[in-house]
Amino acid sequence: MSIPAAAKPYILAVDIGTTSTKTLLVSREGRVMASHAVEYPLYTPAADRAEQDPLDIFRAVLQGVGIVMRKLDARPGDIVCASFSSAMHSLLAVSADTTPLTPCITWADNRSARVADELKASGVGTAIYGRTGTPIHPMSPLTKLMWFREQQPELLQRAFKWIGIKEFVFAKLFGRYVVDYPLASATGLFRLERLDWDEEALQLAGVTRGQLSEPVPAVYRLEGMKSEYAEAMGLDPNTPFVVGASDGALANLGVGATQPGVIAVTIGTSGAVRGIAPRPAIDPQGRLFCYALLENQWVIGGPINNGGIMLRWVRDRLATLEAEEGRRRGMDPYDYLTELAAEVPAGSEGLLFLPLLSGERAPYWNANARGVFFGLSLYHDKKHMIRAVLEGVMLRIHSVAAALQELAGPAAEIRASGGFARSVFWRQMLADVLGARLGVPDAIESSALGAAMLGLLAMGEIADLRQTADWVQLEAVHEPNENDHRTYKQLTSIYESVYHQLKDQFDAISAFQALSHRHASS
Ligand code: ADP
């Protein structure tokens, strides 16, 4: 006897990430009842490669679902639906029987850097960005396909399909090739206004429409899974699978940043700023991405390379003695370093840091940018430097948030997540730099939680995502300090002008570095 939908207690949410696949069972009230993460390797056979085995990931999905089902002793019929999140920009080729012909090439793979540079420099690149909303960058499937066109033209043509990792999982489970608008819109091949593949981009990429998946809305449902896989996961084969969206878009839902005026800031190793707009908005200056989510919800924002990794650099390279002192005191070295930084006033007494150590994505998209301490004097010591680095990361976030607000209107509230949010001090600094109220949601797996919300919407169990507003509780709220905000405003304008004046010099120093490395290794 089948269980009526309203009596099914759990939504299954799956988030296919770059390091692991996370699986949650979420109650109808938005409580995470069980969770599990299955990790897999990221292969870097050359400096510019970052690949995964698609079958590892498929197995991780089966395994993760099986484990959470068993953790709660859930019956196959207990699941309202499964709903999926996944990392953006992945690409692999498969044969007609869904056998992978290439590894899964992740967003972090840089093989198409030159192709991307050339396309970006041409008017064609600008026009394609204007229609697709995906910055021309080696992360995008468009430039990866162009690389295959150049390097392996025979494979490009022969492949039955060119797909992303989530499409691969669905093709294995259901024998269907579908891609949600949100993930399609991050390929660089998808025309936002028409919600369809862009003919000119397809031509450049050298693939036919038939070699790509069928684009469908995020709430589209697949049913009738192959029974062997249903059995492996402990699911009823008729469990609806909601195709879902990208991890970035869903993270906005999972932290409660679903309306214009609230922006989500995530700072882990890297970082991202994202807001929601009621219609697509393309940045005329090419600083931001614009991706689809739902009919009247579009995600606009930008990623940064130099997020929490900057504090890690301080801990491991710049302030090693201080980090050691923290450990000696039985503290997390990050906590000790932020305590030292707190001894210095806002603005680090005139020391400014441009944390561009690994080049930068939004808003400058400048791979040659490098780090700069500016204003250093005999007076400054280590704690000024530590504080300047922490402030520098927030100034990076500010420059993306400012571009976002130019495009999508003012934001009065921030939702903060990621490792940096473990520091009360660093969170307050973000509120002060942006001059906005900052809330820290209690959700840990925000993309998976967002997928669960979307699942309920897709099943018609809720009419509007606002009905899940109480799923997200705020653990802490920070109000901006007006004095510090004024200080940071001054610093922000110095920061922007230093960056722009150094643009050509960044090219020179990065070329010089490349040459020095070559000399050193020859
Ligand atoms: P990932 O992006 O790899 O998942 P996390 O979200 O765990 O990483 O974030 C890691 C970063 O969070 C670290 O590099 C560091 O900058 C920051 N971080 C972690 N713990 C603290 C802390 N106690 N205080 C300040 N920053 C912290």
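What follows is a conversation between a trainee and a mentor about parts of a predicted model.

Trainee: What should I know about the model before we begin?
Mentor: This is a predicted model, in which local features need pLDDT of at least 70 and side-chain atom pairs count only at pLDDT 80 or more, while totals for chains, interfaces and linings use all residues. Residues are numbered from 1 along each chain as its sequence is written, and side-chain values use heavy atoms, leaving out hydrogens and water.

Trainee: In what order do the seven strands of the open sheet lie?
Mentor: Strands (E, at least two residues) and helices (H or I, at least four) are DSSP runs numbered from the N terminus, and two strands pair if DSSP finds at least two bridges between them. The pairing in this sheet is mixed, and the edge strands, S17 (289-294) and S23 (474-478), each pair on one side only. The order is S17-S18-S16-S15-S21-S22-S23.

Trainee: Which residue in S16 stands opposite Thr266?
Mentor: Strand S15 (residues 262-267) and strand S16 (residues 271-277) run antiparallel and are joined by four bridges. Opposite Thr266, in S16, stands Ala272.

Trainee: How many of the eight residues of H10 are buried?
Mentor: Helix H10 (residues 247-254) lies across S15, S16, S17 and strand S18 (297-304). Buried means under 20% relative accessible area, exposed means over 50%, and partly exposed is in between, using a 1.4 Å probe and protein chains only. Among the buried residues are Leu250 and Leu253, and H10 is largely enclosed by the rest of the structure, because the number of its residues that are buried is seven.

Trainee: Is Asp316 buried, partly exposed or exposed?
Mentor: Asp316 has its place in helix H11 (residues 309-318). With a relative accessible area of 37%, Asp316 is partly exposed.

Trainee: At roughly what angle do the axes of H15 and H17 cross?
Mentor: Axes are lines fitted to C-alpha atoms, for helices over the stretch in contact, and angles run from 0 to 180 degrees between N-to-C directions. The axes of helix H15 (residues 424-434) and helix H17 (residues 482-501) come within 7 Å. Their crossing angle is roughly 70°.

Trainee: Which residues of H17 make the contact with H15?
Mentor: Contact means heavy atoms within 4.5 Å. On the side of H15, the contact is made by Met429, Asp432, Val433 and Leu434. On the side of H17, the residues are Asp484, His485 and Tyr488.
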